[in-house]
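Got the model open in your viewer? Here's a short walk through it, stop by stop, with what to select and what you'll find there.

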Amino acid sequence: MQLKLKKPICFFDLETTGVSITSDRIVEISILKVFPNGDEEKKTWLVNPEMPIPAQATAVHGISNEKVAHEPTFTMLANEINTWVKDADLGGFNSNRFDIPILAEEMLRAGVDFDMKNRKSVDVQTIFHKMEQRT
């Protein structure tokens, strides 16, 4: 399927220490950037969250404290990640309610200007629930 894009879109997924947007941290971020001409770029970063990863979170995503102990912090990666997404719309699964807000929180903590004003967001979960309604 050929997407009709006017600007790039970054489909992204996060793994985190938990489900609190304000107090949990990102431990992995993966991005698939699709350009209007159909080209794609992919990147995944492991992130040291600077806090312990609860066993319940590790059971979900498989990322342990030991795995990220020597990885860069989000603050160290924030500018690089922002460069990947700053000119793009954003998409993901449950991204409007979780991934985008926690990414914005991490950017804020890192002192990076993360603005959604001139972007669109595509939340695949919202589309799925509209297409596959449950009663």
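**Stop 1: a buried acid and its partner**

Start by selecting Asp89, which is buried, with a relative accessible area of 13%. One thing to keep in mind as you click around: this is a predicted model.

Which side chain does Asp89 pair with in a salt bridge? Add Lys7 to your selection: the closest N and O atoms of Asp89 and Lys7 are 3.5 Å apart. The pair ties together distant parts of the chain, with Asp89 in strand β4 (residues 89-92) and Lys7 in the segment before β1, 82 residues apart. Unlike the buried Asp89, Lys7 counts as partly exposed, at 25% relative accessibility. As background, side chains of opposite charge can pair when their charged atoms come close.

**Stop 2: the second largest pocket**

Keep Asp89 and Lys7 on screen, since both help line the second largest pocket. To see the rest of the lining, also select Leu3, Lys4, Leu5, Lys6, Ile9, Lys120 and Val122. The volume here is about 180 Å³. Try colouring the lining by residue class: you should get four nonpolar residues, five charged ones and no polar ones.

**Stop 3: the largest pocket**

Now move over to the largest pocket, with about 270 Å³ of space. Where is its centre? Select Glu15, Thr16, Gly18, Val19 and Phe98, which are the closest to it among the 16 lining residues. For the wider surroundings, show β1 (9-16), α1 (55-61) and α4 (95-110), the elements that each give two or more residues to this lining. Colour by class again, and the lining of the largest pocket splits into seven nonpolar, six polar and three charged residues. If you're wondering how such spaces are found, rolling a probe the size of a water molecule over the atoms shows where empty space is left.

**Stop 4: an acid without a salt bridge**

Stay with helix α4 and pick Asp99, which lies in it. Is Asp99 buried or exposed? Asp99 is buried, yet it has no salt bridge. How far away is the nearest side chain of opposite charge? That side chain belongs to Arg97, and it is 9.4 Å away. Next, show the backbone of Leu14: its nitrogen lies 3.2 Å from a polar atom of the Asp99 side chain.

**Stop 5: a charged network on helix α4**

Slide along α4 and select Glu105, Glu106 and Arg109, which salt bridges with shared partners join into one network. Take the two links in turn:

- Glu105 to Arg109: these side chains meet in a salt bridge at 3.8 Å, N to O. Both residues are in helix α4, four residues apart, about one turn of the helix.
- Glu106 to Arg109: the closest N and O atoms of this salt bridge are 3.5 Å apart. Both residues are in helix α4 here too, but they sit three residues apart, again about one turn.

Switch on a surface and check each member. Glu106 counts as buried, at 4% relative accessibility. Glu105 is partly exposed, with a relative accessible area of 25%, and Arg109 is partly exposed as well, at 33%. How many salt bridges turn up in a search of the whole structure? There are four, and the ones on this tour include Asp89 with Lys7.

**Stop 6: an exposed leucine**

While you're on helix α4, click on Leu108. At 62% relative accessibility, Leu108 counts as exposed. For a sense of scale, draw a distance from the C-alpha atom of Leu108 to that of Lys33: the two are separated by 22 Å, and the residues are 75 apart along the chain.

**Stop 7: two positive phi angles**

Finish with a look at the backbone in two loops. Which values of phi do Glu50 and Asn94 have? Select Glu50 in the loop between β3 (40-46) and α1. Its phi is near 60°, a positive value in a residue other than glycine. Glu50 is also exposed, with a relative accessible area of 62%.

Then go to Asn94, in the loop between β4 and α4. Asn94 isn't a glycine, yet has a positive phi of about 65°.

Technical notes:
Residues numbered from 1 in each chain as written. Predicted model: local features only at pLDDT ≥ 70, side-chain atom pairs only at ≥ 80, totals over all residues. Heavy atoms only, no water. 1 Å grid on protein atoms, 1.4 Å probe; cavity = no way out; pocket = protein on both sides within 12 Å on 5 of 7 lines; lining within 4 Å. Points joined across faces, edges and corners; volume = space filled by probe spheres on them. Nonpolar A, V, L, I, M, F, W, Y, C, P; charged D, E, K, R; others polar. Buried < 20%, exposed > 50% of the residue type's maximum accessible area, 1.4 Å probe, protein only. Lys, Arg positive; Asp, Glu negative; His and termini not counted. Polar contact = N/O pair within 3.5 Å; in protein donor to acceptor, adjacent residues only side chain to side chain.
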